[in-house]
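This report covers one protein chain, going from a pocket to the strands around it and then to the chain as a whole.

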Amino acid sequence: MNGLSIRELCCLFCCPPWPSKIAAKLAFLPPETTYNLVPNENGTKYTLFLSEKAEWQYSEREKENIEVCYARTSRGNKISCMFVKCSPNARYTILFSHGNAVDLGQMAFQN
């Protein structure tokens, strides 16, 4: 089950011991990461690197049109963000948020 250790299983079922909390933890186990965001020399920009486990692969030319970054939530969690520049003079931006228990590298963009 996603490679959980004994410690993680104990924490999952014992901390806290309420059934609704256990169900929520089991329902939204995050998958293994299929990408890395690597910072440049100054740490101001990131480059997207996809592993072979990613369900889609871009050519190097298409990767040049993708900007990636991290955003912080009010609770201090780090969220990976991806901006796909389809057209240099686009008037609108579509904001898409994938569901729980999905990895950014597993999302497929189809025409």
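In this predicted model, the lining of the second largest pocket draws at least two residues from each of strand S2 (46–50), helix H3 (60–63) and strand S3. The volume of this pocket is about 300 Å³. Its lining comprises 14 residues, of which Tyr-46, Thr-47, Ile-66, Glu-67 and Val-68 lie closest to the pocket centre. Sorted by class, the lining of the second largest pocket holds seven nonpolar, five charged and two polar residues.

The strands form two antiparallel pairs, listed below with their bridges.

| Pair | Residue ranges | Sense | Bridges |
|---|---|---|---|
| S1 and S2 | 35–39 and 46–50 | antiparallel | five bridges |
| S3 and S4 | 66–72 and 78–84 | antiparallel | seven bridges |

S1 and S2 make a hairpin with six residues between the strands, and Gly-43 in its turn has a positive phi of about 75 degrees. Within this pair, Val-38 has Thr-47 of S2 as its bridge partner. Thr-47 is also among the residues closest to the centre of the second largest pocket.

S3 and S4 make a hairpin as well, with five residues between the strands; here Gly-76 takes a positive phi near 90 degrees. Arg-72 stands opposite Lys-78 in S4.

Tyr-70 belongs to S3, which spans residues 66–72. Leaving aside residues up to four places away in sequence, Tyr-70 touches Leu-37, Tyr-46, Lys-78, Ile-79 and Ser-80. One of these contacts, Tyr-46, is 24 residues from Tyr-70 in sequence, while the C-alpha atoms of the two are 8.8 Å apart in space. Is Tyr-70 buried, partly exposed or exposed? Its relative accessible area is 29%, so Tyr-70 counts as partly exposed, because that class runs between the limits of 20% and 50%.

At the level of the chain, there are three helices and four strands, and the order of elements from the N terminus is α-α-β-β-α-β-β. The chain has 111 residues, and 14% of them count as buried. Among contacts with a separation of 6 or more, 37% join residues 24 or more positions apart. The exposed area of the chain is about 9,200 Å², with carbon and sulfur atoms supplying 54% of it.

Technical notes: Residues are numbered from 1 along each chain as its sequence is written. This is a predicted model: local features need pLDDT of at least 70, side-chain atom pairs count only at pLDDT 80 or more; totals for chains, interfaces and linings use all residues. Side-chain values use heavy atoms; hydrogens and water are left out. Buried means under 20% relative accessible area, exposed over 50%, partly exposed in between (1.4 Å probe, protein chains only). Contact means heavy atoms within 4.5 Å. On a 1 Å grid over the protein atoms alone, a cavity is a set of points where a 1.4 Å probe fits but cannot get out, and a pocket is an open set with protein on both sides within 12 Å along at least five of seven lines; lining residues have an atom within 4 Å of a point. Grid points are joined across faces, edges and corners, and a volume is the space filled by probe spheres set on the points. Ala, Val, Leu, Ile, Met, Phe, Trp, Tyr, Cys and Pro count as nonpolar, Asp, Glu, Lys and Arg as charged, and the others, Gly among them, as polar. Two strands pair if DSSP finds at least two bridges between them. Accessible areas come from the Shrake-Rupley method with a 1.4 Å probe; for residues, only the protein chains shown count as cover.
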